[in-house]
Amino acid sequence: MVMGEKSAWKSELERLEHIREKLKRVDTPSRPEQGEPHRINPSLSLFTSGWRHLPEYLHDKDGKDDPEKGQEFVLVYKTPDEGAIRVVSATDSQLLALKLHTEELDRYAVAEEAGVAVGIVDAAFEDACTSGIILAPPSKLVRSARHYPEAGIAGWRRHLHSDYFTLQWHVTQACDLHCKHCYDRSTISPLTLGQGITILDQFRDFVLEQNVHGQVTFTGGNPLLYTHFEELYKEAADRNFNIAILGNPTNREVVESLQSIQPLSFYQVSLEGLPEHNDSIRGDGHFDRIVEFLTILDDLSIYSMVMLTLTRENMGQVLELADFLKGKVDLFTFNRLSQTGEGAALATAEREEYHGFLHDYLEAAKLNPTMALKDNLINIIKADNQEKPFGGCTGFGCGAAFNFCSILPNGDMHACRKFQSPIGNVLQLSLLELYNSKAAEQYRIGPSECKGCRIRPVCGGCQAVIQSSGLDITQHRDPYCFIDLERDGGVG
């Protein structure tokens, strides 16, 4: 490199250092309030350089080669919240996000012109918000403060708003199993591919409006038996959704084909206990097929989950099964039986024994990283032990119609698939309209007996268990709840 060129890039480096130093005296940017529009970070400077790799050299002058001649855009800004100063080479994605915002471009038009899926454009804008280049208002998914007492809200704010929403979509009733506790064996004709795409478009509108990230969890029946499953999977991927599957084991080729479209967030299968009991519920040879399938998921680096439906008969097998699964699955947990559909013929766990079971499960989980916590009632034990609570069933206690909902094969929307919780049909009203309906709000409020409870933001019990026990979900708390409302006064 000649002397003149070195002087040129050093001059630009000094300008860049000057911008960075000036930022130290700038206030940390604040994010927009809820309901306000996105805005570009007011501290942001877009530095046009005739030299490449200036930011890398700025951060490590001794360990990096000299910058190379060539145009580069550099972003210099202070992040919201922590106020850290960033000096980074702008990516095409970041420049696109800035252009989208400043010129108020239509994302579908931009995607069509570029020959890419609109999800690519959505992801660019979302990533710019995550990095702090564009400042986003907070999520609109917020628990209504009037349903939580002042004392309860103070220490639980992070559990009162969600940055993501999960659409659990039962795309078909068709199934290659006939489990004894199946919630619904009714025949419902599945939607056409076109109707399915309409729902995905609705969901995209919903997450953009609510300023959250969306996940589509395909299930059934067995979702893989839906005629247009791979096409629907690709359409979900094209809209920037995370994708997961709750289903049955399949062959390696099917999973590899889906992975080539977009890697799965997770694949969840079910076991109902040790081999003999499991196969009596789910069919001969099912246990061994699951174990083989977990090996396939591991080989393909797919996060694997095993779910158990807890009954009176299998409660004593849970810890032994968890020990067997250690090292074979990424996550194992359980849901209590909802005596709905064919599950009405099975017996639920004894209420008097369930409290002790949760204690044993919690202790075993400390030594087994595979064991995950899901049942909201575990937070009663954690509160009694002065331990930090976990998020509960969906990360926000009972997330029914809050950060989670289910859609049936005909488009009917429910707050949760485990119990009758109808809200409406997405082919008649939009997902956003249904979410904002009075019916959905009631499921979010939950039982009146839970109001004022000291752990309400991470609990609320299980409305499916409440309903299947013959109780009123708008009034009665979970019949398995063992919190002492008289002793605690509900609020703590």
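**Exercise 1. Into how many nonpolar, polar and charged residues does the lining of the second largest pocket divide, and what else can you say about this pocket?**

*Solution.*
Step 1: Sort the lining residues of the second largest pocket by type. You get 13 nonpolar, eleven polar and eleven charged residues. Keep in mind that you're looking at a predicted model.

Step 2: Add the volume. The second largest pocket comes out at about 1,000 Å³.

Step 3: Look towards the middle. The lining has 35 residues, and those closest to the pocket's centre are His 38, Ala 136, Pro 137, Asn 211 and Val 212.

Step 4: Now check which elements take part. Helix 3 (92-103), helix 5 (118-131), helix 7 and strand 7 each give two or more residues to the lining. Helix 5 supplies the largest share, with five residues.

**Exercise 2. In which order do the strands of the nine-stranded open sheet lie, and which are its edge strands?**

*Solution.*
Step 1: Walk across the sheet from one side. The order reads 11-10-9-8-7-6-12-13-14, and the pairing is mixed.

Step 2: Find the strands that pair on one side only. Those are strand 11 (331-336) and strand 14 (422-425), so they are the edges, given that two strands pair if DSSP finds at least two bridges between them.

Step 3: Check the twist. From one strand to the next, it averages 25°.

Step 4: See what packs on this sheet. Helix 7 (residues 193-210) touches strand 6 (164-170), strand 7 (213-219) and strand 12. The direction of helix 7 makes about 165° with that of strand 6.

**Exercise 3. Do strands 12 and 13 run parallel or antiparallel, and how many bridges join them?**

*Solution.*
Step 1: Locate the strands. Strand 12 covers residues 404-407, and strand 13 covers residues 412-414.

Step 2: Compare directions and count. The two strands run antiparallel, with two bridges joining them.

Step 3: Pick out a pair. Ile 407 has Met 413 in strand 13 as its bridge partner.

**Exercise 4. What is the order of the three-stranded open sheet, and which residue in strand 3 is the bridge partner of Trp 51?**

*Solution.*
Step 1: Read off the order. It goes 2-3-4, with antiparallel pairing.

Step 2: Name the edges. Strand 2 (45-52) and strand 4 (85-89) each pair on one side only.

Step 3: Look at the turn between neighbours. Ignoring direction, neighbouring strands are turned by 25° against each other on average.

Step 4: Zoom in on strands 2 and 3. Seven bridges join strand 2 to strand 3 (residues 68-78). The partner of Trp 51 is Lys 69.

How values were computed: Residues are numbered from 1 along each chain as its sequence is written. This is a predicted model: local features need pLDDT of at least 70, side-chain atom pairs count only at pLDDT 80 or more; totals for chains, interfaces and linings use all residues. Side-chain values use heavy atoms; hydrogens and water are left out. Helices (H or I, at least four residues) and strands (E, at least two) are DSSP runs, numbered from the N terminus. Axes are lines fitted to C-alpha atoms, for helices over the stretch in contact, and angles run from 0 to 180 degrees between N-to-C directions. Contact means heavy atoms within 4.5 Å. On a 1 Å grid over the protein atoms alone, a cavity is a set of points where a 1.4 Å probe fits but cannot get out, and a pocket is an open set with protein on both sides within 12 Å along at least five of seven lines; lining residues have an atom within 4 Å of a point. Grid points are joined across faces, edges and corners, and a volume is the space filled by probe spheres set on the points. Ala, Val, Leu, Ile, Met, Phe, Trp, Tyr, Cys and Pro count as nonpolar, Asp, Glu, Lys and Arg as charged, and the others, Gly among them, as polar.
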